[in-house]
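I opened this model to see how its parts hold together. My notes follow in the order I looked things up.

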Amino acid sequence: MNSKYENEARVRWGDTDAYRQHTEKTKHYTKEKWAEINEGLMAIFAEFAACRSVGASADSAEAQALAAKLQAHITEHYYTCTHEILAGLGQMYIADERFRQNIDQYGDGTAAYASAAIAAYCKGRTGK
């Protein structure tokens with residue numbers, strides 16, 4: 001985890017199962033492993049940007065497949081990413097300027113597009 005945000009994450013989510021899973025799953029990650037996993041995560045956002053650039057709607061099969069791919073990546077490398085957690089992440093990608101700017105490095109609007117795709121993917125799956 002980026003030490004810059006580690007304390008913030010601990011304060012916000014330290015008492016959650018996801019945080020405990022994250023701590024356990026990542027405790028032996030090397031700097032290289034972190035880089036590899038984070039590159040994989042960002043590659044998914046680059047795919048969201050490419051999907052958006054060809055005019056696919058956020059609820060298209062392509063965008064929905066990317067939302068599922070993102071969820072699987074998070075679950076495999078960080079913690080079990082439930083539909084509720086994924087929906088919350090999607091909202092955070094646009095509500096938190098740091099996330100929005102990081103994701104929008106692939107093109108302005110990528111964070112909003114990914115957020116909309118995640119919302120469409122999670123709709124009906126979260127009980128909300």
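**Entry 1: Overview**

I began with burial: of the 128 residues of the protein chain, 38% count as buried. I note here that the model is a predicted one. Next I listed the secondary structure and found seven helices and zero strands. Along the sequence the pattern reads α-α-α-α-α-α-α. I then looked at contacts between residues at least 6 apart in sequence. Of these, 62% join residues at least 24 apart.

**Entry 2: Cysteines**

How many disulfides does the count come to? I got zero. I wanted the reason, so I checked Cys 81 and its closest cysteine sulfur, which is in Cys 122. The sulfurs are 7.6 Å apart, and that is too far for a bond. A disulfide would need the two sulfur atoms within 2.5 Å. I ran the search from Cys 122 as well, and its closest cysteine sulfur is in Cys 81, at 7.6 Å. I also looked up burial for both residues. Cys 81 has 4% relative accessibility and counts as buried. Cys 122 is buried too, at 2% relative accessible area.

**Entry 3: Aromatic pairs**

I turned to the rings. A pair is described by the distance of the ring centres and the angle of the planes. The count comes to six aromatic pairs. I took Phe 45 with Tyr 93 as one of them: the centres are 5.3 Å apart and the planes stand at 90 degrees, so I logged the pair as edge-to-face. Where do the two partners sit? Phe 45 is in helix H3 (residues 31-53), and Tyr 93 is in helix H5 (residues 83-95). They are 48 residues apart, so this pair links distant parts of the chain. Both Phe 45 and Tyr 93 are buried.

I then checked Phe 48 with Tyr 113. This pair is also edge-to-face, with 6.4 Å centre to centre and 75 degrees between the planes. Phe 48 lies in helix H3 and Tyr 113 in helix H7 (residues 110-122), so the pair ties together parts 65 residues apart in sequence. Are these two residues buried or exposed? Phe 48 is buried, with a relative accessible area of 0%. Tyr 113 is buried at 9%.

I asked which residues join into one aromatic cluster. The members are Phe 45, Phe 48, Tyr 93, Phe 99 and Tyr 113.

**Entry 4: H3 against H7**

The Phe 48 and Tyr 113 pair led me to the two helices that hold them. H3 and H7 pack at an angle of about 90 degrees, and their axes are 9 Å apart. That makes H3 roughly perpendicular to H7. I listed the residues that meet. From H3 they are Phe 45, Phe 48, Ala 49, Cys 51 and Arg 52. From H7 they are Thr 110, Tyr 113, Ala 114 and Ala 117.

**Entry 5: His 77 and Tyr 29**

I looked up His 77 next. His 77 lies in helix H4 (residues 61-77). The residue is buried, with a relative accessible area of 12%. Which residues does His 77 touch, not counting those up to four places away in sequence? I noted Lys 25, Thr 26, Tyr 29 and Ile 37.

Tyr 29 also turned up in my check for charges over rings. Lys 33 lies over the face of Tyr 29, at 5.8 Å from the ring centre.

How values were computed. Residues are numbered from 1 along each chain as its sequence is written. This is a predicted model: local features need pLDDT of at least 70, side-chain atom pairs count only at pLDDT 80 or more; totals for chains, interfaces and linings use all residues. Side-chain values use heavy atoms; hydrogens and water are left out. Helices (H or I, at least four residues) and strands (E, at least two) are DSSP runs, numbered from the N terminus. Buried means under 20% relative accessible area, exposed over 50%, partly exposed in between (1.4 Å probe, protein chains only). Contact means heavy atoms within 4.5 Å. Rings of Phe, Tyr and Trp (its six-membered ring) pair if their centres lie within 6.5 Å; planes under 30 degrees apart count as stacked, over 60 as edge-to-face and the rest as tilted. A charge sits over a ring if NZ of Lys or CZ of Arg is within 6 Å of the ring centre and within 35 degrees of the ring normal. Axes are lines fitted to C-alpha atoms, for helices over the stretch in contact, and angles run from 0 to 180 degrees between N-to-C directions. Angles under 35 degrees count as roughly parallel, over 145 as roughly antiparallel, 65 to 115 as roughly perpendicular and the rest as oblique.
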